[in-house]
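Reader: Good morning. Could you please take me through this structure step by step?

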Amino acid sequence: MALGSAVGWGAFVLPADWMRTAGPLGAILGFLIGGLLMLVIATSYGTLIRALPVSGGEFAYTLSAFGRNHAVLCGWFLTLGYVCIVALNASALALLARYVLPEVAERALLYEVAGWEVYLGEVLIASAALVVFAVLNVRGTTLSGRLQLIFCLVMVTGVAALLVGVLIHPDGSFGRVDPLFAVDSAPWVAVLAIVAIAPWAYVGFDNVPQAAEEFAFSPRKAFRLIVFAILAAALLYSAMILVTAAATSWTDLVAEDPLWGTGDAVSDLFGGAGTTLLAVSVSMGICTGLNGFYIAASRLLFAMGRGRMIPSAFARLNPRARTPSTGIAFVCAICLIAPWFGREALLWVVDMSAVGVTIAYTYTCVVAYRMFHWSGSLRGGGAEQLGTPAKKLLSLLGAVIGCSFLALLLVPASPAALGAESLIALGVWIVIGLIIFMLRRRENAKLTDEELDYLVLDRGP
């Protein structure tokens, strides 16, 4: 689930955009550095999963250390990130259909949004994907988990085949990777711009703690899975950048501003067979993203509903499958609106969704730092000595990294600063959250802290 969620549509659709920003080596270095930084943050997750193996992940961790108001803030921003990624994966499937089956996707032009033509065909494709995966997730985690494994195996096999194919093809060449960096900016600035999107690129490893109550294995193993998922995701991102750069002249490719740069590069080198393999791989990446973030978003909403911070209907489980069907239906309903606004408008939302997941990452590291002692124990005791001095130091470093990511996204002078449209969308989400918070404040106040801990953290009185 962690790997499939972290490597979605972006690894297959956006390499040309990343190379335009940083060049091939700059983009690869950016993802590798970003992956290492995310491993530091993941250390706090590994310890907190063991201390609090409950649904809700970052929301539950924040509640345990800072109380309900901070928990609502963290949960609301994380919900933004998860829902946006579900919507983007569905829209990526429609984009793929435009490239592979244009006669189906580009049927019945409706209107334009920010220069993007919206067709009824692509809206229906994205909507169908959202509904299908919602139904699969309502039916149970066993089914969705097995499908996730199959999707991941096919995706990884496809990426490996593409990389090997490019390297052994007589017309594939590492010489095409030159220039290694973008020519219109300093290398360090270009790399930093890619590093800044690491919270968005690797979001998905934190889906594991969202479903912690449903594990059939120990929380200690969950941390190892998170680490391996981040490392594998970094390699997969790098592989697809290298595939795109070595298959064709990347400078000519980005100058053409293609609908799908990687698709054009692979098609030019391998023809229809390469396009088919790439289409299958990206389809699997989209499916893993849809499936994984449906799971994560619905479990987060379930935990918030259980704490009565949103309507308690979100805390109800499907009587047969024991899945949070209300949360799944809510995510589906919100995301069904997205395809009607066009992909350009959605990209504004995705840009600012990185702020949401970065806030959640930072909260988790601060919680871990607060819970650890330099003496090597966890506040409140614990026989396993979860809080070693080294982990306390890493949690502090993770909090600093999280704040640095936020600065890269929000400081106007930053090379990765959000555009005006993204900031407006972020402001709208904050206002909606404030309205819901005020409407739920009286209901939430009826719960004592002890009752809230029992409902969300499974801590008895």
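Author: What follows is a conversation about the fold, the surface and some single residues of this structure.

Author: This is a predicted model, in which local features need pLDDT of at least 70 and side-chain atom pairs count only at pLDDT 80 or more, while totals for chains, interfaces and linings use all residues. Residues are numbered from 1 along each chain as its sequence is written, and side-chain values use heavy atoms, with hydrogens and water left out.

Reader: How many helices and strands does the protein chain have?

Author: The protein chain has 20 helices and 2 strands. Helices (H or I, at least four residues) and strands (E, at least two) are DSSP runs, numbered from the N terminus.

Reader: What is the radius of gyration of the protein chain, and what would a compact globule have?

Author: The protein chain has a radius of gyration of 22 Å, which agrees with the value near 23 Å for a compact globule of 461 residues. The radius is taken over C-alpha atoms, and the globule rule is 2.2 Å times the number of residues to the power 0.38. Along the principal axes, the C-alpha atoms fill a box of roughly 70 × 50 × 40 Å.

Reader: What share of the residues counts as buried?

Author: Of the 461 residues, 56% count as buried. Buried means under 20% relative accessible area, exposed means over 50%, and partly exposed is in between (1.4 Å probe, protein chains only).

Reader: And what does the chain expose?

Author: The protein chain exposes about 18400 Å², and carbon and sulfur atoms supply 67% of this area. Accessible areas come from the Shrake-Rupley method with a 1.4 Å probe; for residues, only the protein chains shown count as cover.

Reader: What share of the contacts comes from residues 24 or more positions apart?

Author: Such residues account for 79% of the contacts with a separation of 6 or more. A contact means heavy atoms within 4.5 Å.

Reader: Let me change the topic to rings. How many aromatic pairs are there?

Author: The structure holds 14 aromatic pairs. Rings of Phe, Tyr and Trp (its six-membered ring) pair if their centres lie within 6.5 Å; planes under 30 degrees apart count as stacked, over 60 as edge-to-face and the rest as tilted. Tyr45 and Phe205 form an edge-to-face pair, with 5.2 Å from centre to centre and 80° between the planes.

Reader: Where do Tyr45 and Phe205 lie in the chain?

Author: Tyr45 is in helix H3 (residues 15-51), and Phe205 is in the loop between helix H10 (198-201) and helix H11 (207-210). The pair links distant parts of the chain, 160 residues apart. Both Tyr45 and Phe205 are buried. Elsewhere, ring pairs link Trp18, Phe31, Tyr202 and Tyr237 into a cluster.

Reader: Which residues does Gly23 touch?

Author: Leaving out residues up to four places away in sequence, Gly23 touches Trp18, Leu180, Phe181, Ala182 and Trp250. Gly23 is in helix H3 and counts as buried because its relative accessibility is 0%.

Reader: What about Gly10: buried or exposed?

Author: Gly10 is buried, with a relative accessible area of 4%. This glycine is found in helix H2 (residues 10-13). Gly10 touches Pro15, Trp18 and Trp200, again without residues up to four places away in sequence.

Reader: Why is helix H4 described as largely enclosed?

Author: Helix H4 (residues 58-66) is largely enclosed by the rest of the structure because 7 of its 9 residues are buried. The buried residues are Glu58, Phe59, Ala60, Tyr61, Thr62, Leu63 and Ala65. Just after H4, Gly67 takes a positive phi of about 90°.

Reader: What is the usual sign of phi in residues other than glycine?

Author: Most residues other than glycine have a negative phi. Ala108, although not a glycine, has a positive phi of about 65°. Ala108 sits in the loop between helix H6 (102-105) and strand E1 (109-113), and counts as partly exposed because its relative accessibility is 42%.

Reader: What is the phi of Arg308?

Author: Phi of Arg308 is near 60°, a positive value in a residue other than glycine. Arg308 lies in the loop between helix H15 (272-306) and helix H16 (325-335). At 31% relative accessibility, Arg308 counts as partly exposed.
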